Amino acid sequence: MSSTQHRRPCSRSSHALGAPPAQLAVAAPNQMCVDAAFTTVAQGGNAVDAAIAAILTSAVGEIGFSSCMGSTFVTIWPAHCPPVVIDGNAAMPGLGAAPERFGGGLDEVYVDYLGGKTLIMGAGAVAVPGTMAALDTARTHYGHCDWGQLVAPAVAAARSGYPIGQATALYLAATAGPVFGRDPQAHRLTLGIEGQPLRTGELTTNPDLADTLELVARQGITVLSTGCLGQRMVRYLQQNGGLLTCADLASYQAEVREPIMVDVGGWELALPPPPSVGGPMLALMLREAFATHADAAGLIPLIHRVASFRDEVHTSASDLEREGWRLLNKARWYGLESLCSSGSTVHVSAVDSSGTLCAITSSIGYGNGLCVPDTGLILNNALGEPELNKHGLHTMTPGRRLASNMSPLVGRCSDGRRLALGTPGSARITTALLQVLLGYCRDGQTLPAAVDAPRLHVGWRQRDASETGTWVVQHEQDPQLAAAAANCGLSVTQRPYPSMFFGGVAAVASHPDGSLEAAADLRRAMACHVK
């Protein structure tokens, strides 16, 4: 398979879309997103429409985790069509920009979140967003609903109120001041009625975002690129030292790609291909874990091997897409130029009774703390994450896709089962999905049991460039994981169970008898429902 292989999407008029489904299973960041999914299906939508509506609704109240101005991967397996991955990942800006603009508009911010991290914020950290282009491609070719139907639940939530979830409240407690406090409009979105960061259960509104989404419903997503809101965003960022240009927005397109197909244990799994980093990493770990029947003790060196190779060769991989396929085709460990390790990420999985599967993962980096004036749109800081700065800031070629760990996946089993899942969780995305897939697809656990099982991760821990880093095994409190980690020869950190550090998997499945199932990770107090 070559680096240029793309897949022609189904036509909206194709019989492959079928009639609207009778039932839906969905797992999403919270109950309001789940409700949005079912509202859309009640109006004739399918699993793709449901997942889009849920992701859009998350952009209202998952502040710092979700926005229309980020990166998104959509993995779809229609009932009667081959699977596809829609790549809406952020891209390097600066097309047509004067050379002196590169390197400006950047501020260093330290946040005490999940162990502490130094981030780069500011207008110069904003990459070309791809979320709305990806969702529009999915809607056009695989959905039944128009934009008015898809944005309606998000508009209602933005006007009437969205209850803040546990994960968002934890994030805002650490970031409302240092990240969002630099922009009055963004800061206002993070504060409750007492002027303190929003707490779990507090209602937040965003009427400007409601107006923006209604404008999208009337004019289409071009209003955010070549239209009035796109032009407003460019002016705002350039006034503050940013790189984004009108040419960047006008030239960006979501890419429909052929997924990596992994055949393990009777399952055929479809994962995001290069230039995604997460999909190739997960594919390699899955194949090895199934082949060796790896238990917890075996997973630690496996994960360490993949991560070590990745970090050792990333400086030589100047083209993530070409290098990714080269390494995969030779069955070698995946090397990368840079690693997008987003902590601010959300995921939705959906399956309907027609058999259509949809998994959407969306990220805004760590959230920039900047809001396009009078639009309610929080911007990304995809260029400002420490893991993206291996070669220095603003060194990529404008228009090139950034790297990403996001790995929404779908799969079919020879026994008739179907599966869609994904997770937020920074560099823990691939390891969380690996362990859930092993539990469900290999070890015969139920879907909820596989999602709830204690997890481990092996990663490089370094707060900033001035600190000497080290490889660390981190695991949730569990006797078997503790025993495996104790003998691995690496530093070990035990976290309580459950810990949000290990992601928030949203998974759905269909069974041969037509029944549907959903599982939502208790680590992020997520929600799921089948109806």
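User: Where is Pro 498 found?
Analyst: Pro 498 belongs to the loop between β19 (491–495) and β20 (506–510). Keep in mind that this is a predicted model.

User: And what joins Tyr 497 and Pro 498?
Analyst: A cis peptide bond, with omega at about -5°.

User: Arg 495 and Phe 501 get paired up too. Where does Arg 495 lie relative to the ring of Phe 501?
Analyst: Over its face, at 3.9 Å from the ring centre. The distance part of the rule asks for CZ of Arg within 6 Å of the ring centre, and 3.9 Å passes that. Arg 417 gets the same description with Tyr 440: Arg 417 lies over the face of that ring, 5.2 Å from the centre, again within 6 Å.

User: Tyr 440 also forms an aromatic pair with Trp 267. What makes that pair tilted?
Analyst: The centres are 6.0 Å apart and the planes make an angle of 55°. Rings pair if their centres lie within 6.5 Å, so 6.0 Å counts. Under 30 degrees would be stacked and over 60 edge-to-face, so 55° leaves tilted.

User: Which parts of the chain does that pair link?
Analyst: Distant ones: Trp 267 is in strand β10 (residues 267–271) and Tyr 440 in helix α13, 173 residues apart. Both residues are buried.

User: Why is the pair of Trp 460 and Trp 471 called edge-to-face?
Analyst: The ring centres are 5.4 Å apart and the planes stand at 70°. That is within 6.5 Å for the distance and over 60 degrees for the angle, so edge-to-face is the label. The two residues lie in strands β17 (residues 456–461) and β18 (residues 470–476), so the pair ties together parts eleven residues apart in sequence. The structure holds four aromatic pairs, these two among them.

User: How do you know whether Trp 460 and Trp 471 are buried or exposed?
Analyst: Compare the relative accessible areas with the cut-offs. Trp 471 has 15%, which is under 20%, so Trp 471 is buried. Trp 460 has 42%, which falls between 20% and 50%, so Trp 460 is partly exposed.

User: Cysteines next. Why is Cys 33 called buried?
Analyst: Its relative accessibility is 0%, and buried means under 20%, so the label follows. Cys 246 has 42%, so partly exposed is the label there.

User: How many disulfides are there?
Analyst: Zero. A disulfide would need a pair of cysteine sulfur atoms within 2.5 Å, and the count by that rule is zero.

User: What about His 293 and His 394: what is said of phi there?
Analyst: Each has a positive phi although neither is a glycine: about 55° for His 293 and about 60° for His 394. His 293 is in the loop between α10 (278–292) and α11, while His 394 is in the loop between β14 and β15 (409–413).

User: Why do those two histidines get the accessibility labels they have?
Analyst: His 293 has a relative accessible area of 62%, over the 50% cut-off, so His 293 is exposed. His 394 comes in at 11%, under 20%, so His 394 counts as buried.

User: What makes Val 348 buried?
Analyst: A relative accessible area of 0%, which is under 20%. Val 348 lies in strand β11 (residues 345–352). Its C-alpha is 9.2 Å from that of Ala 50, although the two residues are 298 apart in sequence.

User: How many cavities of 30 Å³ or more does the count give?
Analyst: Two. The largest has a volume of about 80 Å³ and the second largest about 40 Å³; each value clears the 30 Å³ cut-off.

User: Which residues line the largest cavity?
Analyst: There are 13, with Ala 59, Ser 66, Asn 206, Gly 376 and Ile 378 nearest the centre. By class, the lining has eight nonpolar, five polar and no charged residues. Gly counts as polar, so Gly 376 is polar here. α2 (47–61) and β14 (377–378) each supply at least two lining residues.

User: And which elements supply at least two residues to the lining of the second largest cavity?
Analyst: α2 and α3 (131–142). That lining divides into six nonpolar, four polar and no charged residues, and includes Ala 59 and Ser 66.

How values were computed. Residues are numbered from 1 along each chain as its sequence is written. This is a predicted model: local features need pLDDT of at least 70, side-chain atom pairs count only at pLDDT 80 or more; totals for chains, interfaces and linings use all residues. Side-chain values use heavy atoms; hydrogens and water are left out. Buried means under 20% relative accessible area, exposed over 50%, partly exposed in between (1.4 Å probe, protein chains only). On a 1 Å grid over the protein atoms alone, a cavity is a set of points where a 1.4 Å probe fits but cannot get out, and a pocket is an open set with protein on both sides within 12 Å along at least five of seven lines; lining residues have an atom within 4 Å of a point. Grid points are joined across faces, edges and corners, and a volume is the space filled by probe spheres set on the points. Helices (H or I, at least four residues) and strands (E, at least two) are DSSP runs, numbered from the N terminus. A charge sits over a ring if NZ of Lys or CZ of Arg is within 6 Å of the ring centre and within 35 degrees of the ring normal.
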